[in-house]
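Dear colleague,

I am handing over the structure below, and my notes on it follow. Please read them alongside the model.

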Amino acid sequence: MSHLHQPSPHSSPLLELKEVGFGYHRRGRPDREVLRGVSLSVTPGELVALLGPNGSGKTTLFRVAVGLLPAARGSVRLDGRPVMDWTRREVAQRIAILPQLPTVPDGFRVEELVEMGRAPHARSRFGASAEDAEAVERALIDADAVDLVGRRVDELSGGERQRVLVAMTLAQEPRLLLLDEPTQHLDLAHQVALLATLDRLRRTRGLAVVAVLHDPALTALADPRVVLLNAGRVVADGPAAEVLRPALLARVFDISVPTALTLSGGSPRGT
Amino acid sequence: MRASVATRSLVGGPSLGRATLVIGGALVVLLASVVVAVGLGSVEVGLPEAIGIIGHRLGLPVTETWASTAPTILFEVRLPRVLAGALVGAGLGGAGVVFQALLRNPMADPYVIGTAAGASLGAVLAITAPVLVPALALGAGTAWLGIGLAQVLAFAGGLGAVALVLVIARQGGRSNMVTLLLTGYAVSSLVAAVVALLLVSSGRALASVVGWLLGSLGGAGYPELAVAAPLVFGGSALLLFRWRTLNLLLLGDEAAAGLGVDLVPARRGLVLLATLVTSAAVALAGTIGFVGLVVPHLVRLAIGPDHRLLLPVSCLGGAALLVLADMVARLVGGVPVGVVTALIGAPFFLWLLHRAAGATTTP
């Protein structure tokens, strides 16, 4: 990327959702309200952990944020402009999204899949530029996937595959990364390493990251801004220490306070 | 350090050397197939004579050792048939790749969303109409720009059936690929039933109807080739430029869209081009099976799934396969080319599949 953003509290928001509502439809009639007035803005250099129970609207929020689904109410702005006014390619140059259940096609090699991340930047009809090659290489290093180069993606383990997919989204060199459960299938070491990498990219390149995470203890480790989503509403938004309180987690996830205390690392936070 | 060494040569898709080697190799195979197919036949124009005649026609100083009828056999009978085989094979091979990626289904072939059924209906109507309605027999021999009514109606039928499938599949909001596939299947079945109905009432036209349905390259002449070639070449060339989209579609809709693919227009363009190519091929030669389904798989096993190479090599491979299969069909005499492709191709494909499966399980 030519324009490196330094993280700054005064940066204008990269992505800004205001009072966004969305519901899926069945036979033309509204079926289920998934987002009920979500407001969220992300500035360059921010690391945001998105937590919430299953079905709380995290994945839908991502889809609406990149314009794959149109917001029924409210507004979604990317770089100050309604997200639906950008072309798909323009959005892809700014936001990379790692789906929760990606399809990995048979037969491709690791480096071929990672190179697909360069698609939104492609200028030539055929082949890849030196810039593409460098981006792919950087992404492979950042995602700790260099040792997988040359192997077929369909023959990798779940965790190895996840590292390759993370590398693909990094190769896209977006300004905002939306990661839907990026730590799934990863062993403990790779979970910690991924969060450390995201934190480094945030600091050095001004990358903004919104990641769906499920583990409060792991989340606390990265010390991000935490957004807690429940039933389509933002119920808490703030520093990890403020949001990851056992009492709040217990209420949102419908578990007991002692359990929540254990799951969030054993030490009570700001209760 | 390790990273640079490991990745630098690998990034950027197939290296120019590999691409040249693979495409060049496929081109050589195709040219060799064409030369052999032109040189072999039931009449006494052998391979050396064929090469001599072609050389002579190209203005090379070759002494005439052949019968005076030989050039006519070569240029008016064999060559158009071989060229038609190459054209149809290229179209079906390429369109097969596109439909398999588009529908993300290994069982997809160029006929899957209605092309074959629609083209059959068109051709069968053209063949049987004069039998069923004797008044039409007066116009049966007419040709438009030297092209038979059956071919024109087959082409129109292929396009029409796909248009119908697309319209039906789009009802009820966003059409997804499963809906498209199932709609194609349903419409094909319906149209096939009408074709069967015409078939049983076709009387003395039965043989030519069945012949058309099994596929044959015998009916192709230069006028038909001149119309079909731009459609197949033009469509395939435009498809080649879309290799990146085809690769991305394999990642699933959400990931493809996330990487900048505008799904609806991208798919529409691919369906349109692949249908155009398929309809031209079917109009020229009838519904030749197997090529469009299996050639993409054969090529994928050999060189991998990257559409940058998969698409052009499947075109060239499909062309070579059909030229050779038709040669066998001619030499055996009277066997439909579709039967040959399946009889020889299917066991070969099974063997290759078995070998590939073995290769992945051995350490």
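In which sense, and over how many bridges, do strand 6 and strand 7 of chain A pair? Strand 6 and strand 7 (residues 176-179) of chain A run in the parallel sense and are joined over 4 bridges, where pairing requires that DSSP finds at least two bridges between two strands. One of these partnerships links A:Ile95 to A:Leu176 in strand 7 of chain A.

This is a predicted model, in which local features need pLDDT of at least 70 and side-chain atom pairs count only at pLDDT 80 or more, while totals for chains, interfaces and linings use all residues. Residues are numbered from 1 along each chain as its sequence is written, and chains are lettered from A and ligands numbered from 1 in the order in which they are written.

Strand 6 of chain A is covered on both faces, with A:Ile95 and A:Ile97 buried on one side and A:Ala96 and A:Leu98 buried on the other (buried: 20 or more other C-beta atoms within 10 Å of the residue's own, C-beta atoms being placed from the backbone).

The contact between the chains takes 36 residues from chain A and 30 residues from chain B, two residues being in contact if their C-beta atoms, placed from the backbone, lie within 7 Å. On the side of chain A that touches chain B, helix 4 of chain A supplies the largest share, 6 residues (helices are DSSP runs of H or I, at least four residues, and strands runs of E, at least two, numbered from the N terminus).

Chain B itself comes to 15 helices and 2 strands, and buried residues make up 49% of its 363 residues.

Best regards

Terms used:
Buried ≥ 20, exposed ≤ 12 C-beta atoms within 10 Å, placed from the backbone.
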